[in-house]
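Biologist: I would like a close look at one part of this structure. Please walk me through the place where the ligand sits, step by step.

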Amino acid sequence: MKNKSLVSINDFSREEHIQIMDFAEKFEKHPTQKILEEYVVATLFFEPSTRTRLSFESAASRLGAKVIGFSEPGSTSVKKGESLRDTIITVANYSDIIVMRHPLDGSARFASEVSRVPIINAGDGANQHPTQTLLDMYSIRKTQGSLDNLNIAFVGDLKYGRTVHSLVMALCNYNTTFHLVSPDELKLPSSVKMHIKENNHEYHQYSDIMKVIPHVDILYMTRIQRERFSDPLDYEKVKNSYVLRNSMLEKSKPTLKIMHPLPRINEISIDVDDSPQAYYFTQALNGVYVRQAILAAILGVKVN
Ligand code: CP
């Protein structure tokens with residue numbers, strides 16, 4: 001993984017995903033280790049973020065790295081019209097690795113082609129969010145004991161949800177049955193469904209969330225993303241499609257875990273937060289350990 005960019009979840013193999021999760025287990029036990037004191041990590045966020053940016057910055061800081069970057073592109077020379085290419089070439093001169101979030105699909109791949117330092121994709125449009133996927137896999141492995149032989153439901157915006165696209169692709173490396181719950185307008189793209197079929201897994205599509213709750217090991221809720229709709233009326237039609245309430249979990253497996261990449265709007269009622277099945281805030285915490293593992297692996301630093 002040394003010096004490799006992480007743009008798509010498939011840029012790393014199944015064995016490399018396992019290596020990252022194993023490193024993350026070590027960081028969870030010892031989160032503060034000054035193993036990256038020689039390095040500068042740049043975080044370039046052209047789109048809003050709370051968890052991804054701050055957990056990367058926390059991960060880098062706990063490992064002793066210096067962090068530079070921006071979360072407001074309007075305060076940089078992007079505002080004067082500087083191209084993404086020139087921004088990346090410039091920041092690559094100031095840093096050893098670049099973490100980038102950008103609203104355009106494919107922007108992270110483009111950045112990796114012009115950068116002389118590795119690029120970590122922190123979300124590119126509706127395309128991919130591979131570091132979220134690694135923390136999601138880590139969370140599933142930690143709570144279920146394995147990534148194999150699981151029934152996993154994805155609920156909400158499966159069309160534009162980049163976290164869903166990356167996670168489905170990664171779970172195709174394991175024996176997974178996929179349960180896809182969405183309004184008609186927000187079904188999983190055909191290309192991702194084809195990936196499931198090519199890997200000889202089953203998927204089932206539903207519009208009613210209650211049909212899946214009793215049967216699944218993981219309920220992966222997602223936000224209907226207002227910012228991905230070009231027509232606000234289309235968003236209005238689907239925005240309240242799913243609201244998970246505690247009373248709806250009565251027939252669920254005791255081992256069920258409810259995950260969500262967050263932020264949430266109203267798709268998980270706060271009365272679910274106290275349930276032992278609610279896992280989304282711990283999932284976000286796991287992001288620090290997994291991002292420590294990703295930084296160490298790509299910078300080629302030994303993990304103790
Ligand atoms: N899960 C996630 O990407 O959250 P942020 O948008 O807050 O980074």
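Modeller: What follows is a tour of the ligand site, from the chain inwards. Keep in mind that the model is predicted.

Start with the layout of the chain. It is divided into two parts: domain 1 (9–128 + 287–299) and domain 2 (130–284). Their C-alpha centres lie 25 Å apart. The two domains touch, and 30 residues from domain 1 and 26 residues from domain 2 take part in that contact.

Now find the ligand. The space it takes is the largest pocket. Which domains supply the shell around the ligand? Both do: domain 1 and domain 2 each give at least three residues.

Next, name the neighbours. Ser49, Thr50, Arg51 and Thr52 are among the residues around the ligand. Arg101, His129 and Gln132 belong to that group too, as do Pro261 and Leu262. Sort the shell by class, and you get five polar, two charged and two nonpolar residues.

Then look at single atoms. Ser49 has a polar side-chain atom 2.6 Å from an oxygen atom of the ligand. Thr52 also places a polar side-chain atom by a ligand oxygen, at 2.7 Å. With Gln132, the partner is a nitrogen atom of the ligand, and a polar side-chain atom of Gln132 lies 3.0 Å from that nitrogen.

Last, ask how much of the ligand is covered. Taken alone, the ligand exposes 260 Å². The protein buries 92% of that area.

Put the picture together. The ligand occupies the largest pocket, with residues from both domains in its shell.

Definitions and conventions: Residues are numbered from 1 along each chain as its sequence is written. This is a predicted model: local features need pLDDT of at least 70, side-chain atom pairs count only at pLDDT 80 or more; totals for chains, interfaces and linings use all residues. Side-chain values use heavy atoms; hydrogens and water are left out. A residue is near a molecule or strand if one of its heavy atoms lies within 4 Å of it. A polar contact is a pair of N or O atoms within 3.5 Å; within protein, one must be able to donate a hydrogen and the other to accept it, and residues adjacent in sequence count only if both atoms are side-chain atoms. Accessible areas come from the Shrake-Rupley method with a 1.4 Å probe; for residues, only the protein chains shown count as cover. On a 1 Å grid over the protein atoms alone, a cavity is a set of points where a 1.4 Å probe fits but cannot get out, and a pocket is an open set with protein on both sides within 12 Å along at least five of seven lines; lining residues have an atom within 4 Å of a point. A molecule sits in a cavity or pocket if more than half of its atoms lie within 2 Å of its grid points. Ala, Val, Leu, Ile, Met, Phe, Trp, Tyr, Cys and Pro count as nonpolar, Asp, Glu, Lys and Arg as charged, and the others, Gly among them, as polar. Domain bounds come from an automatic or database domain assignment. Contact means heavy atoms within 4.5 Å.
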